[in-house]
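Please examine the sequence and the structure shown below. The paragraphs that follow lead through selected parts of the chain.

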Amino acid sequence: MSPAVTEDKPVLVRLDGVVKRFGDGVPALDEVSGDIRGGEITGLVGPDGAGKTTLIRLLTGLMQPDAGRITVLGHDARTEAPAIQAAIGYMPQRFGLYEDLSVQENLDLYADMRGLPRRDRPAVFGELLTFTDLKRFTGRLAGKLSGGMKQKLGLACALIRKPRLLLLDEPGVGVDPISRRELWKMVENLTAEGIGVVWSTAYLDEAEACDNVLLMNAGKLLYAGTPSGLTERVKGRVRRLTGIEGSRRRLLARLLDEDKVVDGVIQGEAIRLVLVEEDDVDSVAKTAGTDASHLVPATPRFEDAFVDMLGGGPSGRSALAEAQAPRAIDDGWPVIEARGLTKRFGDFTAADHITFDIPRGQIFGLLGPNGAGKSTTFKMLCGLLKPTEGEGRVAGFDLRRDAAEARNRLGYMAQKFSLYGDLSVGQNLDFFAGVYGLAGRRRQERITLMLNIFDLKKHATMSAKDLPLGLKQRLALAAAVMHEPEALFLDEPTSGVDPITRREFWTHINGLVEKGVTVLVTTHFMDEAEYCDRISLIYRGKSIALGSPDDLKAKVATADRPDPTMEDAFIALIEASEQEAAA
Amino acid sequence: MNAYRRGRTRRLTALIRKESFQIVRDPSSILIALVLPLILLFLFGYGVSLDTTHTRVGLVLEETTPVTLDLAASFQNSRYFDVTIGHDRREFAEDLVESRIGGFLVIPDGFTADLTASRHPAVQVIVDGADPNTANFVQNYAAGTVSTWEAQRAAERALTATPLLVQQRFWFNPELKSRNFLVPGSISIVMTLVGTLLTSMVIAREWERGTMEAMMATPVTAWELLAGKIVPYFLLGLGSMTLCVILAVFLFHVPFRGSILALYALSAAFLMPALGQGFLISAVTKNQFLASQLALLSGFLPSFLLSGFIFEINSMPTVIQYISLAVPARYLIPSLQSVFLAGDIWPMFLRSILILVGFGIVLFAVAIRKTAKRIA
């Protein structure tokens, strides 16, 4: 949608110098000003901790700003909160559903809360249930619905009394890409009726689809306007380096230290680069040891522009990898092996004969929607779950017989960083060093090294729970690699963190892999999938596709979609599998 | 205005209905409201007994005369003691250390001579101080047995005089069954569990799951949210109480001498501070784990220890006695015991009810300030 059209749309929310503080630290929101209009989707975009949830809560009148003014639908959020609450729809994170009430009972409750007249109910419920495709499930308890269905029910509850402004707080979290697309389409239909939608997200690819975005980072509004207005700034500077010979990871590390490169990430077999100047193509090609024809222009993405705006990605050097002694790398020895791994819970098969192996020095990804079985497979391979059938090996140790030996050779970084929040950074490192059996001088050396490498020294006495998300993530990685494991298990390692932290993280991982560490990663984050050498797409407990990211993309390429994204591949492969199952 | 009121009624009934569904479907509320009370009641009905009959003691006869044998016989006939006779204190030393006996008594050499010379003969009582309850009991009852025996002897000798006998009468609990006062007391514990523990946890759960936030973003008011919780858990608390009373009366045969009205009036009054406390805890913690810990520490334990339920308040150190003034259960338990064992004593009940309602109002006032539709 062009900015000109946007101008005609009514302003529903006006933010004017809004400040919100919690405690003495950096304000959660710092002088945020902007407009939200009706009839379009406004993306509230930023990493976790950027201030998105706080801003939404201020819009609902459930929180008060410390300074500034918020006007929602003509009402002052400070003094007229009840009037605002009567006219908006709000879906908080985790959807605000009562899990032990049925779908219908949840709808009834919200209808009563919002005073929907009884005579209107059959029509409204009918419409909402059709719209969300939940008609068949009205009697089912909300807690027994899948993530995607919960999200739709949450949306239905927020829409009971056709609001003029709909606030959705991270509706895409914990929901697979297919459900996410469905929800997006539903919300788009609402804007046609003039409803203003605020969609908050940490996924930058979601931001691209919005009509307007408010881009937030660390409490500050970085950009307000159309997504294309933002990507405009990197226009012509985004290139894909193809036809790479040798290690693309090593090349990326070198390129990131080049002055003329703002940002770079691995994209399957290629490297995506943002250059400082459009004309830097030749010199960058020279550094890469190739010619300019291999630097193919690419469509700028929101993330390219965001990183550019934040001043570019971090260096490509990993002090962690440099401190690590290299292991024999090209021997092709499978460090992680899964042979027909199967896990049944009662009559439910969570993982069904999963087989793959990961040669030394490779990154392998388990990709799939929530509940597909990737976590189950992952847990069996790090010895946390006993397989019902099949076998798994790590570094040659059978997970059934020598689980302890195997576990000593792997580093594990759990989803949401399983650190001890009440222990300080130093105590956490000390604890994990102890767990991994490091003692004496070596223990001290490793802890000091970790504090230095991850720049945690000045936070060493801080409680882990008080760290900003980016530092938590660093600490979690430090704890997992303390004992120089041969294999690294990463469970959704960078979901929600800002793109700079994510790049830093992958720089370390890439560096370690170059030194011969083997990595297994689960993710539903398409960008992370691109870093993998190979991917297994898990759906309904089965591996439905196995191959390199480029293989998987090539599989779903069609005449009208010659260059599919990872997400396109994901969705197309799952849909194909569903059709096969139905046939 | 009328439409507004209609909306309010509808919201309130919807909230109450929702809560009732949740209570019925959530195993943890069934556990706290039904199973836990049953366990407690059975524990106090059968398991815990503060009655001490037939305590095993040793009796050392250092001299054997008709007089000492007569005294020994009166110990043997006592229903409080189960006596083993010996002739040397060393025979019982080990038994006492191993807690096989509650204590031993020594009738010393020269007892008969002292007695005939009216020189106030002494009987030595040796008890295990590590078990003060039993020690006190043995000491007191041994003293009692000896003085009864002395009185009897005096009466027998002065045949002409009217025999003077002390006849003990215990009012209200003639069988001195601890069950009879423990069971009414445990009913107040049960109501604390439902009112404070369960309520604080279900509200904290709403904060944790984000449903509280979703509700608050609707036109509902803080008062409606509060009332929507109070009504169901108030009724659930009364339900648990009723279940306990039925069991107490029909299964444990605890007498019920007061009126149903007094029972419900007192229980209802007690549920106010209990619920208020539950609300306050959840509003402050917003976390189920913390809420349950706080509820146990600030609700359950004081009701148990500082309410006169098990330990006599009058025998507590003065500071603790003052602290116990802030424990609502201490105002309920004596009244509730009266309802069961004595009958209606309305002046006492009214005073308790007044104090309990006062507690309730204060707690609710603070809780609503904390909940007032704000997240932070």
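**Two helices and their buried faces**

In this predicted model, helix H16 (residues 425-435) of chain A has the buried residues A:Val425, A:Asn428, A:Leu429, A:Phe432 and A:Ala433. Viewed down the axis of H16(A), these buried residues fall within an arc of 135 degrees, so they line one face of the helix. The general geometry of helices helps in reading such a pattern. An α-helix has 3.6 residues a turn, so residues three or four places apart point the same way.

What do the buried residues of H16(A) pack against? They pack against helix H17 (440-453) and helix H18 (469-481) of chain A. Just after H16(A), A:Gly437 takes a positive phi of about 75 degrees.

We turn next to another helix of the chain. Helix H5 of chain A comprises the twelve residues 121-132. At 1.5 Å a residue, H5(A) should span 16 Å, and its end C-alpha atoms are indeed 16 Å apart, so expectation and model agree.

Which residues of H5(A) are buried? They are A:Leu128, A:Leu129 and A:Thr132. Seen down the axis of H5(A), the buried residues lie within an arc of 95 degrees and therefore line one face of the helix. On the other side of H5(A), the exposed residues are A:Pro122, A:Ala123, A:Gly126 and A:Thr130. The cover over the buried residues of H5(A) includes helix H6 (147-158) of chain A. Just after H5(A), A:Asp133 adopts a positive phi of about 60 degrees.

Terms used:
Residues are numbered from 1 along each chain as its sequence is written. Chains are lettered from A and ligands numbered from 1 in the order in which they are written. This is a predicted model: local features need pLDDT of at least 70, side-chain atom pairs count only at pLDDT 80 or more; totals for chains, interfaces and linings use all residues. Helices (H or I, at least four residues) and strands (E, at least two) are DSSP runs, numbered from the N terminus. The expected span of a helix is 1.5 Å times one less than its number of residues. A residue is buried if 20 or more other C-beta atoms lie within 10 Å of its own, exposed if 12 or fewer, and partly exposed in between; C-beta atoms are placed from the backbone. The arc is that of the directions from the helix axis to the C-beta atoms. Two residues are in contact if their C-beta atoms, placed from the backbone, lie within 7 Å.
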